[in-house]
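User: I should like to work through this protein model step by step. Please reason from the structure and close each answer with the name or value requested.

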Amino acid sequence: MADRINSVKTSFFGKGAISLLPAELKKMRVRRALIVTDSFLYETGVADQVGGALLEAGVEYAVYYRVKPNPTIDVVNECINAALKLKVDLLVAVGGGSAMDTAKAVSIVAANGGRVEDYEGVDRSKEPGLPIVAVNTTAGTGSECTVFYIVTDPARGSKMAMVDANCMVSIAINDTDFMMSMPPALTAATGMDALTHAVEAHFAKNANPMTDKDALWAMQVIFDHLRRAVKNGKDEEARTMMAYAEYSAGMAFSNAGLGMVHAMAHALGGHYNLPHGVCNAVLLPYVMEFDETVPELKKRFKGIAEAFRLNCSEAQASREVIRAVQGLSREIGIPKTLKELEKVKPEDFGELAELALHDASMSQNYLMPSAQQVIGVYRRAYEGRP
Ligand SMILES: [Fe+2]
């Protein structure tokens with residue numbers, strides 16, 4: 001079978017990477033940009049700091065600052081209207097996954113017409129989207145380097161997953177300076193999201209040698225640096241390495257796919273409006289316990305154990321890896337159970353399992369679980385009994 005690898009044309013990393021943007025923008029011959037961000041990054045001046053780099057390249061800009069976590073269809077529509085009214089030829093996402101996913105949705109609809117709902121699924125657009133520059137402030141969703149974007153549909157109480165090579169950003173900027181002020185809880189949740197991307201990409205049915213390389217390297221770096229980044233946000237080396245690792249994890253899952261953790265997390269996050277990273281982090285060890293029962297994944301667990309530098313046999317690998325993931329989660333303050341997330345109600349698990357089974361990420365899982373198996377994982381994650 002042949003494998004396709006999509007990647008971003010230009011990516012910049014490290015402290016001060018934003019300074020490289022003006023020269024790159026001049027090559028694109030763009031004139032008017034819409035910065036897509038949230039009110040916090042607007043009010044704290046981060047959006048205008050990026051705007052300074054646009055002005056340096058002769059690009060004028062306006063700011064849309066009403067992006068919210070788990071962006072909804074309404075937010076996307078409002079942003080599309082702003083982009084069309086201003087006749088912009090560039091979108092500049094400033095933020096984490098929510099800002100970048102909003103910009104990707106706007107980019108596709110602005111170039112292809114119709115409604116954002118029309119693009120749910122795989123490769124549904126015809127035309128390349130409006131160009132996007134993604135200035136990432138978390139580490140992270142990997143959205144700056146993936147073919148995925150997620151939009152919440154409140155009417156259905158769920159998330160729509162779009163997988164579309166036309167939504168890829170043109171320039172990705174992972175400037176460590178923009179990540180230094182992330183609070184510990186956000187650093188922990190987004191870091192565990194990145195770890196989940198790497199694990200799921202390694203277990204995905206379409207994993208290939210290139211995506212395995214990206215996934216295993218990301219796991220190793222996250223395992224070595226996430227604790228440090230959470231404990232001391234000013235640890236520049238830890239922040240920089242986390243930025244590389246989350247990008248590497250993003251490349252892995254963008255090209256191999258995700259799986260059951262994300263499918264279940266999308267259902268949870270869409271239903272109760274819970275943070276994406278936290279949902280993944282809580283679910284990850286419980287889904288891994290389900291994975292442990294699959295003989296084909298034994299070797300892959302051993303690969304993860306090696307990435308974590310755990311000294312164990314292939315037979316012991318899954319146990320040791322799950323224990324290591326739980327240990328990391330405890331150290332960085334991730335809740336142990338879904339019960340601790342308060343809003344979650346066990347009587348909803350049947351409905352959530354149905355949503356998860358129909359999520360695009362589930363189709364990339366190494367096998368399709370039954371509804372009863374998904375409900376069982378939700379229950380164990382709720383009770384905390386592995
Ligand atoms: Fe994710």
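**Helix packing, domains and buried residues**

Analyst: In this predicted model, helix α7 (residues 209–231) packs with helix α8 (residues 236–256) at an angle of about 150°, and their axes are 8 Å apart.

User: How are α7 and α8 oriented, roughly parallel or roughly antiparallel?

Analyst: The two helices pack at an angle of about 150°. Angles over 145 degrees count as roughly antiparallel. Therefore the orientation of α7 to α8 is roughly antiparallel.

User: Is the crossing of α7 and α8 left-handed or right-handed, and which class has 16 residues in their contact?

Analyst: The crossing of α7 and α8 is left-handed. Residues of α7 that make the contact include W217, V221 and L226, while α8 contributes, among others, M241, Y244 and M251. By class, the contact has 4 polar and 3 charged residues, and the class with 16 residues is nonpolar.

User: How far apart in space are the C-alpha centres of the two domains?

Analyst: The protein chain is divided into domain 1 (10–178) and domain 2 (184–383). Their contact takes 27 residues from domain 1 and 31 residues from domain 2. The distance between the C-alpha centres of the two domains is 25 Å.

User: Which element gives the most to the side of domain 1 that touches domain 2?

Analyst: By class, that side of domain 1 has 10 nonpolar, 15 polar and 2 charged residues. The elements that give two or more residues to it are β5 (121–122), β7 (148–153) and β8 (158–163). With 4 residues, the element that gives the most is β8.

User: Is V199 buried or exposed?

Analyst: V199 belongs to helix α6 (residues 184–203). Not counting residues up to four places away in sequence, V199 touches M219, L284 and I304. A residue counts as buried if 20 or more other C-beta atoms lie within 10 Å of its own. V199 has 32 such atoms within 10 Å, so V199 is buried.

User: How far apart in space are V199 and L258?

Analyst: Along the sequence, V199 and L258 are 59 residues apart. In space, C-alpha to C-alpha, their separation is 8.5 Å.

User: Which residues does P369 contact, leaving aside its neighbours within four places in sequence?

Analyst: P369 lies in the loop between α13 (349–357) and α14 (371–383). P369 counts as buried because it has 21 C-beta neighbours inside 10 Å. P369 and M260 are 109 residues apart along the chain, yet their C-alpha atoms are separated by 8.5 Å. The contacts of P369, with those neighbours left aside, are M260 and V374.

Definitions and conventions. Residues numbered from 1 in each chain as written. Predicted model: local features only at pLDDT ≥ 70, side-chain atom pairs only at ≥ 80, totals over all residues. Axes fitted to C-alpha atoms, helices over the stretch in contact; angles between N-to-C directions. Parallel < 35°, antiparallel > 145°, perpendicular 65-115°, else oblique. Left-handed = near helix turned anticlockwise from the far one by under 90°. Contact = placed C-beta atoms within 7 Å. Nonpolar A, V, L, I, M, F, W, Y, C, P; charged D, E, K, R; others polar. Buried ≥ 20, exposed ≤ 12 C-beta atoms within 10 Å, placed from the backbone. Domains from an automatic or database assignment.
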